[in-house]
Amino acid sequence: MLRVRFAPSPTGYLHIGSARTFIFNWLYARHNGGTMILRIDDTDVARNTQRSEDSIFEGLKWLDLSWDEQYRQSERLALHKQTAEAILKKGLGYRDFTPAVTDGEDKAHEGGAWLFNPGMRELSDAESERRAAAGEPFVLRYRVPRGTSREVRFKDEVYGEQTKLADDIEDFALLRSNGIPTYHMASCADDIDLRISHIIRGQDHLTNTFKHVLIFEAAGVAPPAFAHLPLLIAPDGAKLSKRKHGPVVSVTTYRDGGFLAHSYINFLCLLGWSPKDDREQMTRQELVDVFSFAGINRSNAVVNFTEQDPFDPKAVWLNATLIRSLPVAELAAQLMPFAAAAGFAATPEKMLALTPLIRERIKTLKEVAEVADFFFLDELKPYDKAELTPQKGDLAMAKTALVKAKEILATCAFDHDSLDAALRAGSVELKIKAGQMFQPIRVAVCGRKDAPPLFETLVVLGRDTCLKRIDRALEKLTDVA
RNA sequence: GGCGCUAUCGUCUAACGGUUAGGACAGAGCCCUCUCAAGGCUUAAAUACGGGUUCGAUUCCCGUUAGCGCUACCA
């Protein structure tokens with residue numbers, strides 16, 4: 001039975017790299033009909049926060065990818081300790097009574113090679129038991145084979161055969177002096193207990209895997225399959241970090257920026273993985289169908305953001321194309337909360353009417369605020385009357401066009417074709433080009449030159465609003481001859 | 001420092017010994033057009049460096065360089 005897990009630790013918000021790890025796990029599980037498990041790795045009591053956990057769930061909820069089972073490591077401590085103690089009993093671990101280094105400054109083995117503490121490693125069982133019984137705090141370490149030329153090995157589904165000399169692996173901790181298991185211990189004990197068959201995670205764990213193989217071995221279990229993912233990095237090559245790169249690394253930044261969850265997923269899939277043909281825009285089902293470890297790359301991928309623009313242009317493009325391909329009703333519904341956030345009194349009916357006019361003009365849902373403002377504003381934002389000037393014309397031409405338009409709009413049937421015909425006829429009558437006729441009207445009703453096609457816009461706006469706005473424009477032109 | 005991983009256009013990537021090194025985003029130009037978009041077409045842009053192996057290397061091997069990761073009683 002194929003079982004995979006996503007195991008975030010609640011020490012920060014849901015990170016873009018974690019989101020991709022989650023997605024790849026999900027894709028692999030769904031592709032193979034396996035089980036997707038969410039496990040909250042909260043063994044670092046000091047750094048866990050509720051806020052962080054909330055943000056992880058918030059991000060996962062937005063992604064809208066399901067999981068089948070859920071666990072919390074802090075509720076499974078007994079199992080972890082039990083597994084650690086079994087390792088100690090087998091003689092594969094030992095107690096290290098060296099006091100913890102308290103001040104961060106003294107980073108112990110700076111530059112030097114720290115592999116193990118000989119004195120503690122060789123403590124006799126009797127001595128070790130005696131000191132433990134006396135209540136002396138200790139950290140439980142794995143007794144990594146020394147001087148045996150033993151090689152620890154595993155096959156990574158992405159990086160291939162991996163080997164490392166046991167002599168190069170330090171005696172890592174299993175249990176802290178407060179009795180809480182370390183990440184390595186808790187993670188492996190849970191992976192064993194939850195019968196995880198494939199561990200899919202970031203490449204930052206590639207070298208940790210040798211330790212994990214040792215733990216599985218000590219527990220007498222065959223290790224699962226491993227697939228490490230290339231890391232997501234910043235344009236400067238550095239690892240993505242909250243402190244250095246700010247909110248760009250958070251999943252919710254994309255959500256709040258007006259991205260559709262699926263375009264974000266699609267974008268993330270393209271980072272470090274490829275379907276090996278030239279497809280880039282793929283549906284969820286297509287991704288599930290084609291996903292495999294064979295398509296995963298080995299080199300880190302840059303998330304291309306800048307200080308001015310937090311979003312990768314490719315993600316934006318993917319989002320824009322998905323917005324355009326969505327059924328109008330669905331897009332309109334997605335737009336509603338963003339319109340509300342912009343302070344627009346948007347009704348579903350009105351949104352439905354204007355969505356076809358803006359769908360090709362917005363790259364994110366959030367842009368509804370700038371692109372569709374004139375559909376909602378009672379009073380247009382102030383604009384310079386010079387804006388009313390038609391191409392190759394002047395304000396006088398704008399004025400005559402508007403006067404004519406007012407006359408036409410007052411009586412014309414308010415549908416696309418009638419308006420088209422009447423306004424074009426108007427321009428012929430005035431002996432100006434159609435474009436010169438349309439431009440002043442557009443600016444008068446929209447407040448700017450960049451706007452959706454004119455007739456549809458007029459229809460959605462309605463006769464009253466159009467006439468009122470043309471009047472307002474003409475007021476600006478009272479002193480024009 | 002030790003150990004490990006990686007290296008194709010600015011970015012994401014394709015080419016699992018033989019290609020004019022392909023696609024996409026971003027850029028530039030043209031077309032379409034009532035503005036803005038969307039769309040269509042065109043264009044510029046890459047195999048880190050040095051050695052091998054081979055009839056032939058982006059591809060295999062070695063070295064150099066660079067980047068990243070691990071080296072915590074963080075995960």
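This tour moves through a predicted model, from the whole of chain A to its strands, its loops and the surroundings of RNA strand B.

**The whole chain**

Begin by selecting chain A in full and colouring it by secondary structure: 21 helices and 12 strands should appear. The radius of gyration of chain A is 32 Å, well over the 23 Å given by the globule rule for 481 residues, so the chain is more spread out than a compact globule. Turn the view along the principal axes, where the C-alpha atoms fill a box of roughly 105 × 45 × 35 Å. Colouring by burial marks 35% of the 481 residues as buried. Among contacts in chain A with a separation of 6 or more, 75% join residues 24 or more positions apart.

To span the chain by eye, select Y13 and D464. These residues are 451 positions apart in sequence, and their C-alpha atoms are separated by 49 Å. D464 belongs to helix α21, residues 463-476. Is D464 buried or exposed? D464 has 9 C-beta neighbours inside 10 Å, and therefore counts as exposed.

**The N-terminal β-α-β unit**

Select residues 3-6 and residues 35-40 next, which are strands β1 and β2. The two strands pair in the parallel sense, over 4 bridges. Showing V4 of this pair leads to M36, its bridge partner in β2. Now add residues 16-32, helix α1; together with β1 and β2 this helix makes a right-handed β-α-β unit.

**A second β-α-β unit**

Move to β9, residues 198-202, and to strand β10, residues 225-229. β9 and β10 are again a parallel pair, here with 5 bridges. I200 has A227 of β10 as its bridge partner. Helix α7, residues 208-218, completes a right-handed β-α-β unit with β9 and β10.

**Strand β5 and its partners**

Select residues 139-142, strand β5, and display the side chains. Which residues lie on each face of β5? V139 and R141 are on one side, with L140 and Y142 on the other, and these four residues are all buried, so that both faces are covered.

Extend the selection to strand β4, residues 93-96, which pairs with β5 in the antiparallel sense over 4 bridges. Within this pair, Y94 stands opposite R141. Then add strand β8, residues 173-175, which runs antiparallel to β5 and is joined to β5 by 2 bridges. The bridge partner of L140 in β8 is L175.

**Three loop positions**

Centre on D64, in the loop between α2 (50-63) and β3 (69-72). The phi angle of D64 is near 65 degrees, a positive value in a residue other than glycine. D64 counts as exposed because 10 C-beta neighbours lie inside 10 Å.

Continue to R195, placed in the loop between α6 (183-193) and β9 (198-202). R195 also has a positive phi, near 55 degrees, and is not a glycine. With 12 other C-beta atoms within 10 Å, R195 is exposed, because exposure is assigned at 12 or fewer.

The third stop is G237, found in the loop between β11 (232-233) and α8 (242-245). G237 counts as exposed because 8 C-beta neighbours lie inside 10 Å. Drawing a line from G237 to A301 gives a C-alpha to C-alpha distance of 9.1 Å, although 64 residues separate the two in sequence.

**The surroundings of RNA strand B**

Finally, show RNA strand B and select the residues of chain A around it. How many residues surround RNA strand B? There are 63, and the closest are A100, S177, Y183, K239 and S299. Colouring this surface by residue class gives 24 nonpolar, 20 polar and 19 charged residues.

To see which elements contribute, highlight β7 (160-165), β12 (301-302), α12 (313-325), α19 (434-446) and α20 (454-461), each of which supplies at least two residues of the surface near RNA strand B. Which element provides the largest share? That share belongs to α19, with 5 residues.

Note on methods
Residues are numbered from 1 along each chain as its sequence is written. Chains are lettered from A and ligands numbered from 1 in the order in which they are written. This is a predicted model: local features need pLDDT of at least 70, side-chain atom pairs count only at pLDDT 80 or more; totals for chains, interfaces and linings use all residues. A residue is near a molecule or strand if its C-beta atom, placed from the backbone, lies within 6 Å of it. Ala, Val, Leu, Ile, Met, Phe, Trp, Tyr, Cys and Pro count as nonpolar, Asp, Glu, Lys and Arg as charged, and the others, Gly among them, as polar. Two strands pair if DSSP finds at least two bridges between them. A crossover is right-handed if, with the strands pointing away from the viewer, the path from the first strand over the helix to the second runs clockwise. A residue is buried if 20 or more other C-beta atoms lie within 10 Å of its own, exposed if 12 or fewer, and partly exposed in between; C-beta atoms are placed from the backbone. The radius of gyration is taken over C-alpha atoms; the globule rule is 2.2 Å times the number of residues to the power 0.38. Two residues are in contact if their C-beta atoms, placed from the backbone, lie within 7 Å.
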